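Trainee: Could we go through this one together, a few residues at a time?

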Amino acid sequence: MTALPDIFGLWDLHGTTLAPDGTTLYEWDADMEIAAGEGAPRVIISTRGGASGGRNSRSLSFAEKLTALPDGGWHLRYGYEADPEHEATAAHEFFGLSQITFSSDRASAAGSSCNYNGRYVVMKLHARRRS
């Protein structure tokens, strides 16, 4: 069995939500926490929003799959859903799928996501490991 890569901890995540024609609808920032899970890392994303910088959504991953790449990078695929215990997401539901590829030096990552259940959107994702 291959050892899990060092991707655990906090990451700064920047997302670009795309319109159906591929143009940018809006951009957003979030804290991405990658924690140990059973067999694969768990992903917790808390978006930063509002004039005061407060959180406006929180999602939890499920069905994670982590794959080693020939160049030394790692590819993580997972489903996600609204955190029902978080005050900002307790009143509504959303779910989606994400995939993100971590660079071989584990300092950055890029990928995409799609969200369902009310907001059918595709997003580009870019992450940097928080120092």
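Mentor: Sure, starting with Asp-83, whose side chain reaches the backbone nitrogen of Glu-85 at 2.9 Å. Keep in mind that this is a predicted model, where local features need pLDDT of at least 70, side-chain atom pairs count only at pLDDT 80 or more, and totals for chains, interfaces and linings use all residues. Residues are numbered from 1 along each chain as its sequence is written, and side-chain values use heavy atoms, with hydrogens and water left out.

Trainee: Which side chain does the side chain of Asp-83 make a polar contact with?

Mentor: Asp-83 sits in the loop between strand E5 (74-82) and strand E6 (95-102). A polar contact is a pair of N or O atoms within 3.5 Å; within protein, one must be able to donate a hydrogen and the other to accept it, and residues adjacent in sequence count only if both atoms are side-chain atoms. At 2.8 Å, the partner is the side chain of Arg-58.

Trainee: Is Asp-83 buried or exposed?

Mentor: Buried means under 20% relative accessible area, exposed over 50%, and partly exposed in between (1.4 Å probe, protein chains only). Asp-83 has a relative accessible area of 7%, so the word is buried.

Trainee: And Thr-16, buried or exposed?

Mentor: Thr-16 belongs to strand E1 (residues 9-18), strands being DSSP runs of E with at least two residues, numbered from the N terminus. Its relative accessibility is 11%, so Thr-16 is buried.

Trainee: What is the relative accessibility of Phe-95?

Mentor: Phe-95 lies in strand E6. Phe-95 counts as partly exposed because its relative accessibility is 40%.

Note on methods:
Helices (H or I, at least four residues) and strands (E, at least two) are DSSP runs, numbered from the N terminus.
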